[in-house]
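This report goes through side-chain contacts in one protein chain. Please keep the sequence and the 3D view at hand while reading.

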Amino acid sequence: MLNINKAVIAGSLGADPEIRHTQSGKEVCTIRVATNDYHGSGENREQVTEWHTVVLFGQFAKFAGEHLQKGANVYVEGKTQTRKWIDKSGKEQFTKEIIAQEFQAVTRSGKQDK
């Protein structure tokens, strides 16, 4: 049986990267990436934006935190993961994330690139 869990996106950051550290001190960065699709044509053409939560670890996290800002264009390859937690009211919540396995800044945005 064939099983593949692969996500590939290229889009723009909707906010500055959010950096945090694990209990062991490793950097983790979360970015929100917007991808756009277009439906229809002419005057009926409509842009549809899809938002993706991407989690970066290690050197990817460090680079994003130091060099990227809202509006930066990025390319991400990774796998999807669903995370579950209980909110303050006791209700189960779910979120779908892309765990980055390959990551690249496509253009500069504000901060200096390497």
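The sections below cover the nonpolar core, two neighbouring residues of one strand, the salt bridges and the aromatic rings of this predicted model.

## Nonpolar core

The largest nonpolar core has 19 residues. Those that touch the most other members are Ile31, Val54, Leu56, Leu68, Val76 and Phe103. Two or more residues each come from β1 (7-13), β3, β4 (46-57), α1 (58-67), β5 (73-86) and β6 (92-105). Strand β6 gives the largest share, four residues.

Isoleucine 31, one of the core residues named above, has contacts with Leu13, Pro17, His52, Thr53, Val54, Leu56 and Phe103, leaving aside residues up to four places away in sequence. Val54, Leu56 and Phe103 are thus both contacts of isoleucine 31 and among the core residues that touch the most other members.

## Threonine 30

Threonine 30 belongs to strand β3, which covers residues 27-39. Is this residue buried or exposed? Its relative accessibility is 14%, so threonine 30 counts as buried, the cut-off being under 20%.

Residues up to four places away in sequence aside, threonine 30 touches Pro17, Glu18, Arg20, Thr53, Val54 and Val55. With one of these, arginine 20, the threonine 30 side chain makes a polar contact of 2.8 Å, side chain to side chain. Pro17, Thr53 and Val54 appear in the contacts of threonine 30 and also in those of isoleucine 31.

## Salt bridges

Side chains of opposite charge can pair when their charged atoms come close. The count of salt bridges in this model is three.

In one of them, glutamate 77 pairs with lysine 6, and the closest N and O atoms are 3.0 Å apart. Because glutamate 77 lies in strand β5 and lysine 6 in the segment before β1, this pair ties together parts that are 71 residues apart in sequence. Another joins glutamate 97 to arginine 83, with an N to O distance of 2.7 Å. This pair links distant parts of the chain, since glutamate 97 is in strand β6 and arginine 83 in strand β5, 14 residues apart. Glutamate 97 counts as buried at 6% relative accessibility, whereas arginine 83 is partly exposed, with a relative accessible area of 38%.

A further salt bridge is formed by lysine 84 and glutamate 92, whose closest N and O atoms are 3.4 Å apart. Lysine 84 is exposed, with 51% relative accessible area, while glutamate 92 is partly exposed at 41%.

## Aromatic rings

How many aromatic pairs does a search of the whole structure find? The search finds one. The pair consists of phenylalanine 60 and phenylalanine 103, and its geometry is tilted, with 5.9 Å centre to centre and 55° between the planes. Phenylalanine 60 lies in helix α1 and phenylalanine 103 in strand β6, so the pair ties together parts that are 43 residues apart in sequence.

Phenylalanine 60 is partly exposed, with a relative accessible area of 26%. Phenylalanine 103 counts as buried at 11% relative accessibility; Phe103 is also among the core residues that touch the most other members, and isoleucine 31 is in contact with Phe103.

Tyrosine 38 has a charged neighbour: arginine 45 lies over the face of its ring, at 4.3 Å from the ring centre.

Methods
Residues numbered from 1 in each chain as written. Predicted model: local features only at pLDDT ≥ 70, side-chain atom pairs only at ≥ 80, totals over all residues. Heavy atoms only, no water. Buried < 20%, exposed > 50% of the residue type's maximum accessible area, 1.4 Å probe, protein only. Polar contact = N/O pair within 3.5 Å; in protein donor to acceptor, adjacent residues only side chain to side chain. Contact = heavy atoms within 4.5 Å. Core = buried A, V, L, I, M, F, W, Y, C linked by side-chain atoms within 4.5 Å. Salt bridge = Lys/Arg side-chain N within 4 Å of Asp/Glu carboxyl O. Phe/Tyr/Trp six-rings, centres within 6.5 Å; stacked < 30°, edge-to-face > 60°. Lys NZ or Arg CZ within 6 Å of the ring centre and 35° of its normal.
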